[in-house]
Amino acid sequence: MDPSRAFVDDVKRLIIKVGTAVVTRNDGRLALGRLGALCEQIKDLNSLGYEVILVTSGAIGLGRQRLSYRKLINSSLDDLQKPQAEIDGKSCAVVGQNIMALYDTLFIQLDMTSAQLLVTNNDFSDKDFRRQLKETVNSLLSLKVVPILNENDAFSIRKALCEEDSSGIFSDNDSLSALLVIELKADLLVLLSNVEGLYSGPPSDL
């Protein structure tokens, strides 16, 4: 093992955050192969005794793809010649939340159970909520259930979904994941994303 990763030996609880680019393809449709592989790997980790918490993005991207298609097939030729307004992000989030149905189906095929927990910035300002969140997640993990968390974008107080906004306790699912590491006392955070992050050297050399 790489000596810089020796700390992994002491990991018991880990949080895996998957970004929209992982969950969906370039055309906005679900990346079924990647999601299936992810669920299989979580199953393997679970079998080895690790406690795995999943934070997922992708609801807005999936919802936008579906609503764009719905809008297209319900539009007349005259409608299509007019400038098209951007679809509201909160509506996209609501429609895209059925991504959970796919996670549930995949985990069922692996004889596992998943549970969805939607959170908002306002929730974390309440110490009783934070306590209840910890108790609920601990109970789920003790039953070998995979908790899947996501920001409840339909009721988000952020000014612009999909854009960084420092006005709240967390600004996106990346910062939500970091917050959950503290709240849930996780040992490791794994970010699966195409967003630029920390580098050990110039990216051009990688």
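Me: How do the residues lining the largest cavity divide into nonpolar, polar and charged?
Reply: In this predicted model, the structure holds 1 cavity of 30 Å³ or more. N46, Y50, E51, V52, L141, K144 and V145 form its lining. By class, that lining divides into 4 nonpolar, 1 polar and 2 charged residues.

Me: How much space lies in the largest cavity?
Reply: The lining of the largest cavity includes Y50, V52 and L141. The space they help to line comes to about 40 Å³.

Me: Which element gives the largest share of the lining of the second largest pocket?
Reply: The second largest pocket holds about 300 Å³ of space. Of its 15 lining residues, L14, I16, Q41, L45 and V190 are the closest to its centre. Strand 1 (13-18), helix 2 (32-47) and strand 5 (188-192) each supply at least two residues of the lining. The largest share is 6 residues, and they come from helix 2.

Me: How many of the residues lining the second largest pocket are nonpolar?
Reply: Look at the classes in turn. The lining has 1 polar residue and 1 charged residue. Its nonpolar residues number 13.

Me: Which element gives the most residues to the largest nonpolar core?
Reply: This core has 24 residues, and I16, V18, I42, L54, Y103 and F107 make the most contacts inside it. Strand 1, helix 1 (20-23), helix 2, strand 2 (51-56), helix 6 (99-109) and strand 4 each supply at least two residues. With 5 residues, the element that gives the most is helix 6.

Me: Why do the buried residues of helix 6 line one face of the helix?
Reply: The buried residues in helix 6 are I99, M100, L102, Y103 and F107. Seen down the axis, they line one face because they fall within a limited arc. In an α-helix there are 3.6 residues a turn, so residues three or four places apart point the same way. The arc for helix 6 is 155 degrees.

Me: Is T105 buried, partly exposed or exposed?
Reply: T105 sits in helix 6. A polar atom of its side chain lies 2.9 Å from the backbone oxygen of A101. Exposed means over 50% relative accessible area and buried means under 20%. T105 has 42%, so it is partly exposed.

Me: Which residue just after helix 6 takes a positive phi?
Reply: Look in the loop between helix 6 and strand 3 (114-119). The residue there is not a glycine, yet its phi is about 60 degrees. It is exposed, with a relative accessible area of 72%. Its name is D111.

Me: Is K185 buried or exposed?
Reply: K185 lies in the loop between helix 9 and strand 5. Its phi is near 55 degrees, a positive value in a residue other than glycine. The cut-off for exposed is over 50%. At 62% relative accessibility, K185 counts as exposed.

Me: Which residue's side chain makes a polar contact with the side chain of N150?
Reply: N150 is part of strand 4 (residues 146-151). At 4% relative accessibility, N150 counts as buried. The contact spans 3.1 Å, and the partner is N173.

Me: What arc do the buried residues of helix 9 cover around the axis?
Reply: Helix 9 (residues 173-183) has N173, L176, S177, L179, L180 and E183 as buried residues. They sit on the same side of helix 9 because their arc is only 165 degrees.

Me: Which residue has a side-chain oxygen that reaches to the backbone nitrogen of D174?
Reply: Go to the start of helix 9. There a side-chain oxygen comes within 3.1 Å of the backbone nitrogen of D174. That oxygen belongs to D172.

Me: How many helices and strands does the secondary structure of the protein come to?
Reply: From the N terminus on, the elements run β-α-α-β-α-α-α-α-β-α-α-β-α-β. That pattern belongs to a protein with 9 helices and 5 strands.

Me: What percentage of the residues in the protein is buried?
Reply: Buried means under 20% relative accessible area. The protein has 206 residues, and the buried share is 40%.

Terms used: Residues are numbered from 1 along each chain as its sequence is written. This is a predicted model: local features need pLDDT of at least 70, side-chain atom pairs count only at pLDDT 80 or more; totals for chains, interfaces and linings use all residues. Side-chain values use heavy atoms; hydrogens and water are left out. Helices (H or I, at least four residues) and strands (E, at least two) are DSSP runs, numbered from the N terminus. Buried means under 20% relative accessible area, exposed over 50%, partly exposed in between (1.4 Å probe, protein chains only). A polar contact is a pair of N or O atoms within 3.5 Å; within protein, one must be able to donate a hydrogen and the other to accept it, and residues adjacent in sequence count only if both atoms are side-chain atoms. The arc is that of the directions from the helix axis to the C-beta atoms. On a 1 Å grid over the protein atoms alone, a cavity is a set of points where a 1.4 Å probe fits but cannot get out, and a pocket is an open set with protein on both sides within 12 Å along at least five of seven lines; lining residues have an atom within 4 Å of a point. Grid points are joined across faces, edges and corners, and a volume is the space filled by probe spheres set on the points. Ala, Val, Leu, Ile, Met, Phe, Trp, Tyr, Cys and Pro count as nonpolar, Asp, Glu, Lys and Arg as charged, and the others, Gly among them, as polar. A nonpolar core is a set of buried Ala, Val, Leu, Ile, Met, Phe, Trp, Tyr and Cys residues joined through side-chain atoms within 4.5 Å.
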